[in-house]
Structure formats: structure tokens, C-alpha cells
Amino acid sequence: FIRTDLLKILANTSDRIARKLSLQQKELADCSDREKWKIYGDLINANLYSLQKGDRSATLVNFYDENQAEITIPLDPRKTPSQNAQKYYGEYRKADTAEKKLRELIAQGQQEAEYIDSVFDALTRAQNNDELTAIRAELVEQGYLRRKGPAAKKGKEPKLSPKRYRSDDGFTILVGRNNVQNDQLTLKEAHGRDVWFHTKNIPGSHVLVVTEGQTPPPRTLEQAAVLAALHSKAAGSAQVPVDYTEARHVRKPAGAKPGMVIYDSNHTAYVRPDAALAARLRQE
């Protein structure tokens with residue numbers, strides 16, 4: 001039942017975010033007229049001498065147009081020409097402010113949609129009740145679900161370890177099971193020279209090659225990339241782009257949701273997910 005409930009919550013949340021983004025995109029398109037309001041204000045100000053209160057429109061040469069075409073500007077007859085200009089400047093400022101705010105809100109909405117997609121991806125790969133319970137706890141912590149009963153005491157939550165693999169060259173490879181564990185693995189447990197992997201622009205687990213100061217050979221890097229591809233939304237694809245870099249180049253933006261990181265100095269490998277390889281390298 002936990003899986004079904006979580007799927008329903010994620011689907012509803014995803015729909016809500018999509019509807020909100022659609023409305024904001026429409027509002028943003030409505031702001032595209034703002035330059036027109038500024039031009040109206042400028043042209044009225046440049047022709048104050050030829051206008052008077054009571055005019056309902058003004059046909060003026062548009063000096064912003066290289067062809068110097070005439071433009072007809074609606075006027076409020078109850079206002080003076082100067083007041084009409086100020087009215088259009090006010091509309092311009094209002095639209096300009098709204099556009100900046102909307103762009104900010106749309107960026108936030110897109111990031112939230114990516115986060116929900118990443119939780120959904122982890123849910124599709126959860127194999128037991130402890131993994132499902134950990135995902136539910138994450139959604140409670142992020143405010144998407146109400147807590148049932150008192151909060152678990154620190155240390156009493158189900159203790160999940162990352163999935164462990166050993167490459168054919170003897171390097172330990174760790175795979176996060178959910179976003180909270182991804183953060184723990186990448187930002188707390190990784191050492192600077194460990195190598196971090198994640199599917200490029202695709203939801204998936206954080207994967208870490210524990211180097212212990214050694215340089216992992218190409219075969220280990222490829223096997224880690226294959227595991228990252230397999231533990232992602234692209235697990236069913238024939239070829240998956242996987243970014244990798246040293247863990248010291250991975251960081252979390254302020255206020256970012258669990259599992260969301262940025263990185264640089266990366267390379268990209270293109271690999272085929274291989275469940276048989278994962279089964280062979282799996283330790284626990």
C-alpha cells in the first residue's frame with residue numbers, strides 16, 4: 001500500500017506543478033508587451049506640445065522604427081498628455097517586475113518538477129519496505145506528506161546503506177537508493193578524489209567509486225557509469241550519457257532539495273545499462 005499511496009501523491013504533485021507552470025508561462029507571454037508601453041510613454045513625452053487633455057488617441061511618428069512608421073496610441077481623455085505617458089510607464093514597470101518574478105517562479109517550479117521526477121525514479125526502483133519507508137520519510141520532511149504519529153527518534157529510522165558493488169579491478173562502487181542517501185553519499189561520505197557519477201540531465205542515483213587515493217582504471221570507470229545508467233530513469237535505453245567527475249567538484253546550491261547538486265570539470269561517458277553486470281558485481 002505504501003508504494004500505491006506514494007505513486008498517487010507524486011502523480012498529483014506533478015500535475016499540480018505542471019498546471020502552475022502552464023499558467024505562469026501564459027502570464028509571462030502576456031508580459032511581452034511591456035516594451036510597447038515604454039515606447040508609448042516615450043512618444044507621448046516627445047510630442048507633449050501637440051497633444052492636449054481630451055484627446056482619445058494620438059497618431060505619432062515612431063522614431064524607434066527604422067522606417068519611421070506612424071503609430072496610433074490610445075489615450076485616456078480624462079488625463080493630461082503627461083499623465084497618459086506616466087500611465088504607460090507604470091504599465092511598463094509593472095510588466096517588467098512581473099516578468100522578473102515570473103521567471104524566478106518558473107525556474108523554481110521546473111526545479112521542483114525535476115525533484116519530484118527524481119523521487120518517482122527512486123520509487124520505481126525501491127525493492128523493500130525499508131526503501132519505501134525512507135522515500136515516504138523524505139516526502140514528509142519536504143512537506144509533501146503529513147507525518148503519521150510522532151516523529152521517529154534520531155537513529156530509530158530504518159538504517160539503509162548504499163548498494164555496494166566491487167569492480168573487476170577491486171574498487172568499491174556505492175550507489176544511493178534515494179535522494180537523502182544520495183546527499184549523504186556525495187556530500188558527507190565521499191572524499192575529494194573519489195569519482196562521482198550521475199546520468200546527464202536524467203533522474204537517477206548518485207554513484208561513487210571509492211578510490212582510497214588510487215587512480216581507478218578505465219574499466220572501473222566504465223563499470224561505474226553502467227551502474228549509474230542502470231540505476232536511473234534511462235535504465236531501459238540502449239545508450240545513456242553519464243557525467244563523471246571527482247567528488248570535490250560536486251556541490252549543493254543553497255536551498256536545493258535532497259539529491260539536487262551541481263558540478264563541473266566533468267567528462268561524459270555513453271554506456272548501455274547492463275543488469276547482468278550489476279548482478280555479477282553486487283556485494284550486498
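Q: How many helices and strands does the protein chain have?
A: This is a predicted model. Both element types occur in the protein chain. The count is seven helices and 10 strands.

Q: What radius of gyration does the protein chain have, against that of a compact globule of 284 residues?
A: A compact globule of 284 residues would come out near 19 Å. The C-alpha trace spans about 85 × 50 × 30 Å along its principal axes. The radius of gyration of the protein chain is 28 Å.

Q: What share of the contacts with a separation of 6 or more joins residues 24 or more positions apart?
A: Contact here means heavy atoms within 4.5 Å. Among pairs with a separation of 6 or more, those 24 or more positions apart supply 65%.

Q: What percentage of the 284 residues is buried?
A: Buried means under 20% relative accessible area. The protein chain exposes about 16,300 Å², with 49% of that from carbon and sulfur atoms. Buried residues make up 42%.

Q: How far apart are the mean positions of the positive and negative charges?
A: The protein chain carries 44 positive and 37 negative charges. Their mean positions are separated by 6 Å.

Q: What distance separates the end C-alpha atoms of helix α2?
A: Helix α2 covers residues 34-46, which is 13 residues. At 1.5 Å a residue, it should therefore span 18 Å. The distance in the model agrees, at 19 Å.

Q: Which elements are included in what covers the buried residues of α2?
A: The buried residues of α2 are R34, Y40, G41, D42, L43 and I44. Their cover includes two strands and a helix: β1 (57-61), β2 (70-74) and α3 (81-125).

How values were computed
Residues are numbered from 1 along each chain as its sequence is written. This is a predicted model: local features need pLDDT of at least 70, side-chain atom pairs count only at pLDDT 80 or more; totals for chains, interfaces and linings use all residues. Side-chain values use heavy atoms; hydrogens and water are left out. Helices (H or I, at least four residues) and strands (E, at least two) are DSSP runs, numbered from the N terminus. The radius of gyration is taken over C-alpha atoms; the globule rule is 2.2 Å times the number of residues to the power 0.38. Buried means under 20% relative accessible area, exposed over 50%, partly exposed in between (1.4 Å probe, protein chains only). Accessible areas come from the Shrake-Rupley method with a 1.4 Å probe; for residues, only the protein chains shown count as cover. Lys and Arg count as positive and Asp and Glu as negative; His and the chain ends are not counted. The place of a charge is taken as NZ of Lys, CZ of Arg, CG of Asp or CD of Glu. The expected span of a helix is 1.5 Å times one less than its number of residues.
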